[in-house]
Amino acid sequence: MVPTWQLRAAFAHRLSAMYGTEVPAYTTLLEVAGRVNDEVAARDPDAARLGSLDRVTAERHGAIRVGTPDELRQAAQIFAALGMRPVGCYDLRDGEGAVPVVSTAFRPTDGEELDRNPFRVFTSLLTTGDRRFFDPDLQARLEAFLARRTLFPPELLTLAERAEEAAGLPPAQAERFLTLAVAAFELSPEPVDRAWYTELERVSAVAADIGGVTATHINHLTPRVLDIDALYRRMGERGITMIDRIQGPPRWEGPDVLLRQTSFRALAERRTFREPDGGHTDGSLRVRFGEVEARGIALTRAGRARYDHLMAETDRRMALDPDADRQETARALWRRGFPATEHQLAVEHQAFFTYRPVTGRPRDGRCPPADLAGLLRHGWLTAHPVVYEDFLPRSAAGIFRSNLTEEGTRDAGRAGTPFDARRLAEAIGRPVLDPFTLSAQQQERSLRQALDTLRAGPALQALDDGELIAPDPPPDPAPAL
Ligand code: OOG
Ligand code: NI
């Protein structure tokens, strides 16, 4: 039997090999990312704090886009076979550079599973019923087009169901499953209907990429890097033009949190078009791109509110002074408004940590303090950061936008169809998990165990969980900056 995690690791590996043959710049990106990671590991004794070099080197996230709830449900079945569950709901239809999709990310949710193979897929569903983008006539033709296509062959879905039920597959079936699964995400040679594609492209390049063709494909495959600023410079030196900035928090002296990402536009790819007169022509499309990510510590809701506030304040200042350096502006705000150490993040409940007891205490016969800050400061507990395993809607919108050639059209005067995690779960037919809850559970489990261990020692029975395992505090009123 090939167990779930081996199916996932093999799928990620084969997808990467396939994508490298389709997009050669991806291979360059892997080379540079690998070199940067080795350099950081060699110079920084703390390099493995947010993940071992082995894990970080194997780590990838892919992005796919589908057109209907049925297609999403089928994709979810394939990912379930790989031990990946939907986490988070990202609505990308609002604000600057809105695109007509709502998204989730399929990923392992268990720490051990993430360590075995941390593969994720950011998966977007086209919102064909959103009147800001599609009028009733276009919606009807789009849905009819999507209803006629088959993204995933029935044999693949049957094998996926079997793999989910049995937590693995016998070797021959595993081989067949992997072959079909990788093939489902290859770029299709099927001719693209020029008139239909162009009509959708006027609404949104993303709508055309999803609903203008008869197959899906992997849009990008993103490696993780330990120093994204170094990678950004290095890619530029190799002649690959990156987008104008790194999305997410600025680089600063304090702890790395959440996610920093940047991307470059892939080269135009050759495709065959079917012209209105029925003839075929050669042409090209530029829809796929390269992306790289650096991961930091997972924030609590309170920490996240602080992050969002700092990002909004950075925007406000940049609007007042567009020539200012964005990184500098953001950095100055962070120095004033964000905890500067992991210790502070932990005791202010702004980020998630796992806690471990320090055995051999008390050395001097004293009782442990009954607060987290005291337990950490006096060496009863150590805190290890929980890595952010998810995505950021604003960065995702920025990544989508920076790689589109055309703005598209969106009628902001109309109301959008509401969409939230519950509706997304209904579409998928599986629960959509909440990223904050997953990290909070991990923290709480570790803290309970650590306190139990401490309580087992002499004189510590008085230690009370209630005080220590505090619920996530309400977000602060916006701190003065
Ligand atoms: C997804 C864009 C978002 C990320 O890493 O935030 C994304 C897409 O282009 O389909 O990949
Ligand atoms: Ni991405």
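Modeller: Buried means under 20% relative accessible area, exposed over 50%, and partly exposed in between (1.4 Å probe, protein chains only). The model is predicted: local features need pLDDT of at least 70, side-chain atom pairs count only at pLDDT 80 or more, and totals for chains, interfaces and linings use all residues. Residues are numbered from 1 along each chain as its sequence is written, chains are lettered from A and ligands numbered from 1 in written order, and side-chain values use heavy atoms, without hydrogens or water.

Biologist: Is Phe-145 buried or exposed?

Modeller: Its relative accessibility is 15%. That is below the 20% limit for buried. So Phe-145 counts as buried.

Biologist: How are the rings of Phe-145 and Trp-196 arranged?

Modeller: Ring centres of Phe, Tyr or Trp (its six-membered ring) must lie within 6.5 Å to pair; planes under 30 degrees apart are stacked, over 60 edge-to-face, the rest tilted. Here the centres are 5.6 Å apart and the planes at 40°, so the pair is tilted.

Biologist: How far apart along the chain are Phe-145 and Trp-196?

Modeller: Phe-145 is in helix 6 (residues 136-148) and Trp-196 in helix 9 (residues 194-203). Helices are DSSP runs of H or I, at least four residues; strands are E, at least two; both are numbered from the N terminus. The separation is 51 residues.

Biologist: Which residues coordinate the nickel ion (ligand 2)?

Modeller: Donors are N, O and S atoms within 2.8 Å of the metal (3.2 Å for Na, K and Ca); water is absent, so sites may look incomplete. The distances here are 2.1 to 2.2 Å. The donors are His-61 (NE2), His-220 (NE2) and Glu-291 (OE).
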